[in-house]
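I opened my notebook for a quiet session with this model. Here is what I looked up, in the order I went.

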Amino acid sequence: FWLKPLGRRQRPGAHQWLPASPLEGLDRMQNDEGRIVDLYLPRKCSATNRLIPAKEHSAVQLNVGQVDENGIYSGEFYTFALAGFIRSRGESDACLNRLLHEKGLLTFSK
């Protein structure tokens, strides 16, 4: 069921088989609603729009929560991902300030 014959001519009696696909025949991952979901979704850096590879261990993802006028968390948040490239250059704080200002979460007035 997961093997298929080679496409080239073979001598009689020679049986060479290759796997068709490592995931063929396996059930795909589904959520509670029955929708197919992938195992890995790549992230993008919020500051540079670069893709963050799965093996990059210096990248961070921050959730900044929304609070009401009394300072109580409302259950909503903004997610920011910063690549290790930005962090290694020492620009993550400036980039995060810019992103927060663009979302209206940070003001620079005195």
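**Entry 1: strands 5 and 6.** I began with a cross-strand pair: Leu-62 stands opposite Phe-80 in strand 6. This is a predicted model, so I kept my notes to what its coordinates give. Strand 5, residues 60-67, runs antiparallel to strand 6, and I noted seven bridges joining the two. Next I checked the turn of the hairpin they form, which has five residues between the strands. Gly-71 sits in this hairpin with a positive phi near 85 degrees.

**Entry 2: Tyr-73.** Where does Tyr-73 lie? I found Tyr-73 in strand 6, which covers residues 73-82. Which residues does Tyr-73 contact once neighbours within four places in sequence are left aside? My list reads Gly-65, Gln-66 and Val-67. The side chain of Tyr-73 also reaches the backbone oxygen of Gly-75, at 3.4 Å. I then looked up the exposure of Tyr-73: its relative accessible area is 48%, so I wrote it down as partly exposed. The cut-off for exposed is over 50%.

**Entry 3: a nonpolar patch.** I moved on to the surface and asked which residues make the nonpolar patch of about 420 Å². Met-29, Val-37, Leu-39 and Tyr-40 make this patch. I followed up one of them, Val-37, and placed it in the loop between strand 2 (17-19) and strand 3 (43-44). Val-37 counts as partly exposed because its relative accessibility is 32%. Patch members need over 30% relative accessible area, so Val-37 at 32% passes that cut-off.

**Entry 4: salt bridges.** How many salt bridges does the count come to? I got three, and I took them in sequence order.

- Glu-33 pairs with Arg-35, and the closest N and O atoms are 3.9 Å apart. The cut-off is within 4 Å, so I kept this pair in my list. Glu-33 is exposed at 62% relative accessibility, and Arg-35 is exposed too, with a relative accessible area of 56%.
- Arg-89 forms a salt bridge with Glu-91, the closest N and O atoms being 2.9 Å apart. Here I noted Arg-89 as partly exposed at 48% and Glu-91 as partly exposed at 28%.
- Arg-98 and Glu-102 meet through their side chains at 3.1 Å, N to O. Why are these two separated by about one helical turn? Because they are four residues apart in helix 2, which spans residues 92-103. Arg-98 is partly exposed, with a relative accessible area of 34%, while Glu-102 counts as exposed at 53%.

**Entry 5: the whole chain.** I finished by stepping back. I counted two helices and six strands in the protein chain, and along the sequence they follow the pattern β-β-β-β-β-β-α-α. What share of the 110 residues counts as buried? My answer is 14%. For contacts between residues at least 6 apart in sequence, I noted that 29% join residues at least 24 apart. The chain exposes about 9,300 Å², and carbon and sulfur atoms supply 52% of that area.

Note on methods: Residues numbered from 1 in each chain as written. Predicted model: local features only at pLDDT ≥ 70, side-chain atom pairs only at ≥ 80, totals over all residues. Heavy atoms only, no water. Buried < 20%, exposed > 50% of the residue type's maximum accessible area, 1.4 Å probe, protein only. Contact = heavy atoms within 4.5 Å. Polar contact = N/O pair within 3.5 Å; in protein donor to acceptor, adjacent residues only side chain to side chain. Patch = residues over 30% accessible without salt bridge, like charges linked within 9 Å, V, L, I, M, F, W, Y side chains within 5 Å. Areas by Shrake-Rupley, 256 points an atom, 1.4 Å probe, with all protein chains shown as cover. Pairing = 2+ DSSP bridges.
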